[in-house]
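Please study the sequence and the model shown below, and keep both in view while reading. The paragraphs that follow lead from one buried side chain outwards to its surroundings.

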Amino acid sequence: MNMMISIGMITGSLVTNGIVRKLPLMYLFAISLSFPGLCGISFIWHESAYLSIVLLFVMGYFIGKINPRISAIVLQSIPEKRLAAVDGLLNMVSMLGAPAGQLLFLGIANVVWHCI
């Protein structure tokens, strides 16, 4: 499943044409953040691995559209002397997000599963 997110991110970064490139950054954030919830719902109600894989690919695609924009904003707004420190901080925060999100959502899923 992580491979599908990576393939989606690569595809999103490589495909430069389309309607998605005209969407504001906050819309892209909202769209990409809705897909983990949709994936969880597909696990609970449909138990379809294929649907979840497609949803994860689409989520990766939107993340691939977000990353270049964030990089451009950081490069334009941060002084050159502080660029490496800010980039390191952003990478650290993004790496901490995955385990924290897994802890939160897996905890919720376990509570729901045991209550059913």
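F62 counts as buried, since its relative accessibility is 11%; buried means under 20% relative accessible area, exposed means over 50%, and partly exposed lies in between, with a 1.4 Å probe and protein chains only. The model is a predicted one, in which local features need pLDDT of at least 70 and side-chain atom pairs count only at pLDDT 80 or more, whereas totals for chains, interfaces and linings use all residues. Residues are numbered from 1 along each chain as its sequence is written, and side-chain values use heavy atoms, with hydrogens and water left out.

A pair of aromatic rings is described by the distance of the centres and the angle of the planes. Rings of Phe, Tyr and Trp (its six-membered ring) pair if their centres lie within 6.5 Å; planes under 30 degrees apart count as stacked, over 60 as edge-to-face and the rest as tilted. The structure holds two aromatic pairs. In one of them, the ring centres of F35 and F62 are 6.0 Å apart and the planes stand at 20 degrees, so this pair is stacked. Because F35 belongs to helix 2 and F62 to helix 3, the pair ties together parts that are 27 residues apart in sequence. Helices (H or I, at least four residues) are DSSP runs, numbered from the N terminus. Y61 and F62 form an edge-to-face pair, with 5.9 Å from centre to centre and 85 degrees between the planes. F35, Y61 and F62 thus make up one aromatic cluster.

Y61 also counts as buried, at 18% relative accessibility. Which residues does Y61 touch, leaving aside its neighbours within four places in sequence? They are G8, M9, T11, G12, V15 and V20, where contact means heavy atoms within 4.5 Å.

The cluster residues F35, Y61 and F62 also appear in the largest nonpolar core, which has twelve residues. Such a core is a set of buried Ala, Val, Leu, Ile, Met, Phe, Trp, Tyr and Cys residues joined through side-chain atoms within 4.5 Å. Helix 2 (25-46) and helix 3 (49-77) are the elements that give two or more residues to this core, and the largest share, six residues, comes from helix 3.

Helix 3 therefore deserves a closer look. Its 29 residues should span 42 Å at 1.5 Å a residue, and its end C-alpha atoms are 41 Å apart, which agrees; the expected span is 1.5 Å times one less than the number of residues. The buried residues of helix 3 pack against helix 1 (2-14), helix 2 and helix 4 (83-115).

Not every buried residue here belongs to the nonpolar types. K65, in helix 3, is buried with a relative accessible area of 9%. Beyond its neighbours within four places in sequence, K65 is in contact with G12, V15, T16, N17, V20 and L28. K65 and N17 are 48 residues apart in sequence and 11 Å apart in space, C-alpha to C-alpha. S32, in helix 2, is likewise buried, with a relative accessible area of 6%. Outside its neighbours within four places in sequence, S32 is in contact with M59, F62, I63 and I66.
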